[in-house]
Amino acid sequence: MANRPPTAGSEQLAQRILDCISSIPPGRVMSYGDVAEYTGASSPRIVGRVLALDDGSVPWHRVMRSDGTLAEHLYTEQRQRLLSEGVGFRGDRVDLARFRWDGTSDGPTP
């Protein structure tokens, strides 16, 4: 995958992934798997790859592992961004039961 040129289909998928992440409201989060399911990607790893290649044009900090843990190499910045948006944590994990976004609703669940 590293040296293959992108196909029209992969470019469309990458755009759907970026559009999905762009639509996550402040104070809400999705897992890589959530984004994959929402966009029709075959694997959460594809979502991670698209984010790794992006220039930071989307709110990347709102996407995390399915257990609520953050990216180790960006932990401090990601946590600060999420806290500033009102996302709650239980220890070092995002409280997904409260702050996970389903792709349709607005704002955190009370």
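**Exercise 1. Is aspartate 67 buried, partly exposed or exposed, and what is its relative accessibility?**

Solution. Keep in mind as you work that this is a predicted model.
- Step 1: the relative accessibility of aspartate 67 is 36%.
- Step 2: buried would require under 20% and exposed over 50%.
- Step 3: aspartate 67 therefore counts as partly exposed, at 36%.

**Exercise 2. Find the salt-bridge partner of aspartate 67 and say where the two residues sit in the chain.**

Solution.
- Step 1: look for a side-chain nitrogen of Lys or Arg within 4 Å of a carboxyl oxygen. Arginine 93 fits, with an N to O distance of 3.0 Å to aspartate 67.
- Step 2: place the pair. Arginine 93 belongs to strand β4 (residues 93-94), while aspartate 67 is in the loop between β2 (63-64) and α4 (75-84).
- Step 3: with their positions 26 residues apart, the pair links distant parts of the chain.
- Step 4: check the arginine side. Arginine 93 has a relative accessible area of 36%, so this residue is partly exposed.

**Exercise 3. Now try a salt bridge inside a helix: describe the pair formed by glutamate 77 and arginine 81.**

Solution.
- Step 1: the closest N and O atoms of glutamate 77 and arginine 81 are 2.8 Å apart.
- Step 2: both residues lie in helix α4, and their spacing of four residues is about one turn of the helix.
- Step 3: glutamate 77 is partly exposed at 38% relative accessibility, and arginine 81 is partly exposed at 34%.

**Exercise 4. Compare the exposure of the two partners in the salt bridge between arginine 90 and aspartate 95.**

Solution.
- Step 1: the side chains of arginine 90 and aspartate 95 meet at 3.4 Å, N to O.
- Step 2: arginine 90 has a relative accessible area of 60% and is exposed, whereas aspartate 95, at 12%, is buried.
- Step 3: for the wider tally, the model holds five salt bridges.

**Exercise 5. Work out which side of helix α3 is buried, and what caps its N-terminal end.**

Solution.
- Step 1: list the buried residues of α3 (residues 44-53): Val47, Val50 and Leu51.
- Step 2: these residues cover an arc of only 95° around the axis, so they share the same side of α3.
- Step 3: turn to the other side of α3, where Arg45, Ala52 and Leu53 are exposed.
- Step 4: the N-terminal end of α3 is capped by serine 43, with a side-chain oxygen 3.0 Å from the backbone nitrogen of arginine 45.

Key. Residues numbered from 1 in each chain as written. Predicted model: local features only at pLDDT ≥ 70, side-chain atom pairs only at ≥ 80, totals over all residues. Heavy atoms only, no water. Buried < 20%, exposed > 50% of the residue type's maximum accessible area, 1.4 Å probe, protein only. Arc of directions from axis to C-beta. Polar contact = N/O pair within 3.5 Å; in protein donor to acceptor, adjacent residues only side chain to side chain.
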